[in-house]
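Here are some exercises on ligand surroundings, each with a worked solution. Have the model open beside you and try each task before reading on.

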Amino acid sequence: MMPFPVILSAPSGAGKTTIARLLLERRPDLGYSVSCTTRPRRPGEEDGRDYHFLSREAFEAERDAGAFAEWAEVHGRFYGTLRREVERVLASGRHCLMDIDVQGARQFAAAFPDTVLVFVLPPSGEALLQRLAGRGSEDTERLLLRLRNAKAELADVARYHYVVVNDELERAVERVGSIIDAEAVRHARIHALDEQVAALIGQLERQINGIQPGG
Ligand code: ADP
Ligand code: 5GP
């Protein structure tokens, strides 16, 4: 199997982190690239598991050292994907699942063209607001910023290969899982396909030669 990068993008609150977490729990063929961010840690988040939480200075030092495969300013904070995280996951033979905003997804896919791009949509504007407010992670000002930014992020949906509406969580998780399964058997991703088919033809020839006509 040839492992590949998978990016989930969505307006904040649509549920991409929840979908990614469930997929990672259930599928040993997936690994997660832990991003860096300058935003503060939320209650329940763990440094090194959810993000590498960095000061602005530390983030800029990583950026200037060329450590990021992509980085972007999102909702007034910096976020970036470490090349070494992506390499670590792919080298372990697992597909590399990432939660990246629309700007970062564009940069990353330009550098890694075999990336699968999945956009997660909320079922409605009302549901998005309810989920974002229900998460309780933002004050009103930051919540409004995320909702305003959602409009611009939605305009990028046409760049994505797949679109999954996160209406019912289990269904959305299943759909993203199906996308990964289908991508894994894409013609171009199958390792040494020509050799495999040539071997199969050889086996068939031996079978055919072993059959006696009229026997
Ligand atoms: P994102 O990572 O896209 O910002 P989260 O995964 O943090 O979004 O989800 C935002 C909130 O919505 C969380 O409180 C999560 O539990 C909830 N949520 C996620 N998916 C669903 C769903 N299908 N139905 C209802 N609530 C959901
Ligand atoms: P949150 O602060 O809610 O965890 O994430 C806010 C936004 O930052 C989301 O759109 C999320 O996809 C994006 N994000 C998370 N990690 C990265 C990353 O490594 N790079 C980029 N460009 N965006 C990221």
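**Exercise 1.** How many residues surround ligand 2, and which are the closest?

*Solution.* Before counting, a word on conventions: this is a predicted model, where local features need pLDDT of at least 70, side-chain atom pairs count only at pLDDT 80 or more, and totals for chains, interfaces and linings use all residues. Residues are numbered from 1 along each chain as its sequence is written, chains are lettered from A and ligands numbered from 1 in the order in which they are written, and side-chain values use heavy atoms, with hydrogens and water left out.

Step 1: collect the residues near the ligand (one heavy atom within 4 Å of it). Ligand 2 is surrounded by 18 residues, and the closest are Ser35, Arg39, Tyr51, Tyr79 and Asp99.

Step 2: sort them by class. The shell around ligand 2 holds 5 nonpolar, 5 polar and 8 charged residues. Here Ala, Val, Leu, Ile, Met, Phe, Trp, Tyr, Cys and Pro count as nonpolar, Asp, Glu, Lys and Arg as charged, and the others, Gly among them, as polar.

**Exercise 2.** Find polar side-chain atoms that lie close to oxygen atoms of ligand 2, then work out how much of the ligand is covered.

*Solution.* Step 1: look for N or O pairs within 3.5 Å. Arg39 has a polar side-chain atom 2.6 Å from an oxygen atom of ligand 2. For Tyr79 the distance from such an atom to a ligand 2 oxygen is 2.5 Å, and for Asp99 it is 2.5 Å.

Step 2: turn to area (Shrake-Rupley method, 1.4 Å probe). On its own, ligand 2 has 510 Å² of accessible area, and the protein covers 97% of this.

Step 3: assign elements, taken as DSSP runs (helices H or I, at least four residues; strands E, at least two) and numbered from the N terminus. Strand S5 (68–74) and strand S6 (77–82) are the elements that give two or more residues to the shell around ligand 2.

**Exercise 3.** Repeat the analysis for ligand 1, this time following the backbone.

*Solution.* Step 1: 14 residues surround ligand 1, with Gly13, Thr17, Thr18, Arg135 and Asn166 the closest.

Step 2: a backbone N or O atom of Gly13 lies 2.7 Å from an oxygen atom of ligand 1. The corresponding distance is 3.4 Å for Ala14 and 2.9 Å for Gly15.

Step 3: the protein covers 75% of the 560 Å² of accessible area that ligand 1 has on its own.

Step 4: helix H1 (16–26) and helix H5 (125–135) each give two or more residues to this shell, and H1 gives the most, with 3 residues.

Methods:
A polar contact is a pair of N or O atoms within 3.5 Å; within protein, one must be able to donate a hydrogen and the other to accept it, and residues adjacent in sequence count only if both atoms are side-chain atoms.
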